[in-house]
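Q: I'd like a close look at a single part of this model, the sheet. Could you take me through how its strands are arranged and what lies around them?

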Amino acid sequence: MEHYAWLVSVIGAHSNHRVLGRIRLQKTVWFLQRLGLPTDYSFRMHFYGPYSEDVQADLRLVEKLGAVSEQVVGAGYEYVAEDTAFVRDVGEFKSAIGILESTSPIVLELASTLDWFLDYGYSLDAALDAMRQVKHDKWAEEYESLARELLAELGLVETAA
């Protein structure tokens, strides 16, 4: 049950206990897990960057348990932590959640894709090249710069240079 509680806690640590968007939630879990969140979700590269079918499956379970609700908002989904009995103190991850929550979706997508390649063992230059190829339709120099700054701010790369 521990990973379910962490998933609900991550949602609950956002403003108003809400996460707007499946992609945002997936990227948030990716980054937090990279920063040490004690979950073991496996991720693979998908259309919008790292994606975990396990996160989606666990979302369905915690929704059935009444701990989280999923609501359609516009063209997307919003997740709301409903049951505080599941919520744990996210302590050391609260700052990262705040940073991720305020990051634009496109920058989250590019940064998580870049980070996925880095985690897979690519050098920074090779990871940047791979990210540019995979995200060519969304890539822009400004977004790449912001993605690198995000990774540096999270402590996942040495510098944003």
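A: Happy to: here is a walk through the sheet, followed by the nonpolar core. Please keep in mind that this is a predicted model.

The sheet is an open one, built from 3 strands in the order 1-5-4 with antiparallel pairing. At its edges stand strand 1 (18-20) and strand 4 (68-73); each has a single partner strand, so one side of each is left without a neighbour in the sheet. From one strand to the next, the twist averages 20 degrees.

Let's look at one of these pairings. Strand 5 covers residues 76-81, and strand 1 joins it in the antiparallel sense over 3 bridges. Within this pairing, Leu-20 stands opposite Glu-78 in strand 5.

Next comes the helix that meets the sheet. Helix 3 (residues 53-64) lies across strand 4 and strand 5, and it runs at about 110 degrees to strand 4.

Strand 5 and helix 3 also lead us on to the largest nonpolar core, as both are among the elements that give two or more residues to it. This core has 49 residues, and those touching the most other members are Ile-11, Phe-31, Leu-32, Leu-150, Leu-151 and Leu-154. Other elements giving two or more residues include helix 1 (2-12), helix 2 (22-34) and helix 7 (141-154). The largest share, 9 residues, comes from helix 5.

To finish, try centring your view on Leu-151. Leaving out residues up to four places away in sequence, Leu-151 touches Phe-31, Ala-111, Leu-114, Asp-115, Leu-118, Leu-156 and Val-157.

Terms used. Residues are numbered from 1 along each chain as its sequence is written. This is a predicted model: local features need pLDDT of at least 70, side-chain atom pairs count only at pLDDT 80 or more; totals for chains, interfaces and linings use all residues. Side-chain values use heavy atoms; hydrogens and water are left out. Two strands pair if DSSP finds at least two bridges between them. Helices (H or I, at least four residues) and strands (E, at least two) are DSSP runs, numbered from the N terminus. Axes are lines fitted to C-alpha atoms, for helices over the stretch in contact, and angles run from 0 to 180 degrees between N-to-C directions. Contact means heavy atoms within 4.5 Å. A nonpolar core is a set of buried Ala, Val, Leu, Ile, Met, Phe, Trp, Tyr and Cys residues joined through side-chain atoms within 4.5 Å. Buried means under 20% relative accessible area, exposed over 50%, partly exposed in between (1.4 Å probe, protein chains only).
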